[in-house]
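Colleague: Can you take me through this one? I'd like to start with the DNA and then go on to how the chains meet.

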Protein chains: 2
Amino acid sequence: MDTTQRTDQQRSADRRRRELLEAADRVVLRDGPQASMNAIAAEAGITKPILYRHFGDKGGLYAALAKRHTDALLDSLRAALDAPADRRERVESTLDTYLAAIEARPQVYRFLMHPAEAGQSTDQGFDVGLHSAPLLRRMGEELAQVIEERLDLGPNSQQLARVWGHGIVGMMHAAGDWWLGERPCSRAELVRSLADLLWGRLAAAGDKMGGPGF
Amino acid sequence: MDTTQRTDQQRSADRRRRELLEAADRVVLRDGPQASMNAIAAEAGITKPILYRHFGDKGGLYAALAKRHTDALLDSLRAALDAPADRRERVESTLDTYLAAIEARPQVYRFLMHPAEAGQSTDQGFDVGLHSAPLLRRMGEELAQVIEERLDLGPNSQQLARVWGHGIVGMMHAAGDWWLGERPCSRAELVRSLADLLWGRLAAAGDKMGGPGF
DNA sequence: CATGCGTGTTACTTGCGGTAACACTACTGT
DNA sequence: ACAGTAGTGTTACCGCAAGTAACACGCATG
């Protein structure tokens, strides 16, 4: 049990793990988030217990799978957020990056947002807050950090930044989800409308005649 | 089979249905959204097939249950949205109403937002867009309508209003979800921060020294 | 050659959604 | 009074998916 041997084994295990994840990916892409462990195992050319040895349980596999996609998406978003351009342009480009991603692979998106909740009677005792897609949380925190780093928000800036980070991400997510379902307009229009919202056009808009206004 | 008799039966069936829904409610409140049909039937003092005769399948029961809560919440929100006050006050009061509701009954909230996805291999063929909590969609549409009715948004106002409706609802939802999990500040502070975001403080904020600004 | 250990399998248990087939009750028409 | 029938309930089952136990092969090491 030298280090070399162990490294070999670990390396092989890691490769196997990657292969399994790729197979799982294909199945999820095909069958949606309720893909069965059997189906995934079959796609990988093996049987269930191996999956369980690698990932513990379904939640573990899904978490690993989600982490891959989440990391990839977050990288794109960071790039858009860090581009050399003015604030409005960056916001629009970040929104567009996100929307392009969910548009390109809706099944993956769906999987990330609704991780199938861990079925049966086990593990039922978790509190509100740990459930909803970790992707949203991570995006929110990430954005909060960027906001807090770069904007001068006065006192309590950290807390404000976090609220805004999660709020903006939620806005993006919900609007994107709705848009993906109904396709009421082009992506560019959606991006513009959302940026306008963030730019205060809601507060600036005039009332319509009659009534005290919204 | 006169009308009277039929009405009697229907009335009784309706009462039964309400009782069943209340039992289901209790169980969901206790066990979370993955409450089993067996558990619900037991709570109602009956057995599974009766539930199925009343609601068709689990999705039907959950839809009925969700409709009750959704309607109730939407009523509160409409009231806040229609109060006689200026725009900012109404926005804040609506946000606060929503947050108070999810704070008061997190299990119900969780159930509404993550309706457990309809398990097995059946009905798997639905497209993205029909999945995520119908509550969010309904709130988004409702808010869009209010916005479009009362604000003068220039051309394309209807589409803009819908984008904003869903976007704002998503912002509220994501921020609320995060807040409910971490409780980083008081409800009032959260409301204020979100309203500030909608009022364009993001665009108005100055850059921090160093770097081109976010 | 025996002894492990990693990798794979088959075959099982448990628990859930959903259904079929059978009982009991009560109200109808003749 | 009695057969028919509609509604309400039950038990017992099917199919299926998550997860596990126990066994079988390959291969390096003492």
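Colleague: What classes of residue make up the surface near DNA strand C?

Modeller: This is a predicted model, to begin with. In it, the surface near DNA strand C divides into 6 nonpolar, 4 polar and 5 charged residues.

Colleague: Which of them come nearest to the strand?

Modeller: Thr47(A), Arg53(A), Lys48(B), Tyr52(B) and Lys58(B), out of 15 residues around DNA strand C.

Colleague: And on the DNA side, what share of the atoms within 4 Å of the protein is sugar or phosphate?

Modeller: Sugar or phosphate accounts for 47% of those atoms of DNA strand C, and bases for the rest.

Colleague: Which part of the strand does Arg53(A) approach?

Modeller: A base. An N or O atom in the Arg53(A) side chain is 2.3 Å from a base nitrogen of DNA strand C. In chain B, Lys58(B) has a polar side-chain atom 2.5 Å from a phosphate oxygen of the strand. Met37(B) uses a polar backbone atom, 3.0 Å from a phosphate oxygen.

Colleague: Which elements give two or more residues to that surface?

Modeller: Helix H1 (3-31) and helix H3 (48-55) of chain A, and helix H3 (48-55) of chain B.

Colleague: Switching to the protein pair. What rotation puts chain A on chain B?

Modeller: One of 180°, with 0.0 Å of shift along its axis, and the RMSD is 0.1 Å. The two copies are therefore related as by a two-fold rotation axis.

Colleague: How many residues of each chain are in the contact?

Modeller: Chain A gives 68 residues and chain B gives 68. Of the interface residues of chain A, 100% are also interface residues in chain B, so the copies meet through the same surface.

Colleague: What area is buried there?

Modeller: About 6500 Å² between chain A and chain B, with 61% of it from carbon and sulfur atoms.

Colleague: How many salt bridges are there between chain A and chain B?

Modeller: The count is 4. Arg162(A) and Glu182(B) form a salt bridge through their side chains, at 3.1 Å from N to O. There are also 16 residue pairs in polar contact across the interface, counting pairs with both residues at pLDDT 80 or more.

Colleague: Which element has the largest share of the side of chain A that touches chain B?

Modeller: H8(A), with 17 residues. Other elements that each supply at least two residues include helix H5 (87-104), helix H7 (134-150) and helix H9 (187-198) of chain A.

Colleague: And what is that side made of, by class?

Modeller: On the side of chain A that touches chain B, 32 residues are nonpolar, 18 polar and 18 charged.

Conventions: Residues numbered from 1 in each chain as written. Chains lettered and ligands numbered in written order. Predicted model: local features only at pLDDT ≥ 70, side-chain atom pairs only at ≥ 80, totals over all residues. Heavy atoms only, no water. Least-squares fit on C-alpha atoms with pLDDT ≥ 70 in both. Contact = heavy atoms within 4.5 Å. Near = heavy atom within 4 Å. Polar contact = N/O pair within 3.5 Å; in protein donor to acceptor, adjacent residues only side chain to side chain. Helix = DSSP H or I, 4+ residues; strand = E, 2+ residues; numbered from the N terminus. Nonpolar A, V, L, I, M, F, W, Y, C, P; charged D, E, K, R; others polar. Buried area = accessible area lost by both parts, 1.4 Å probe.
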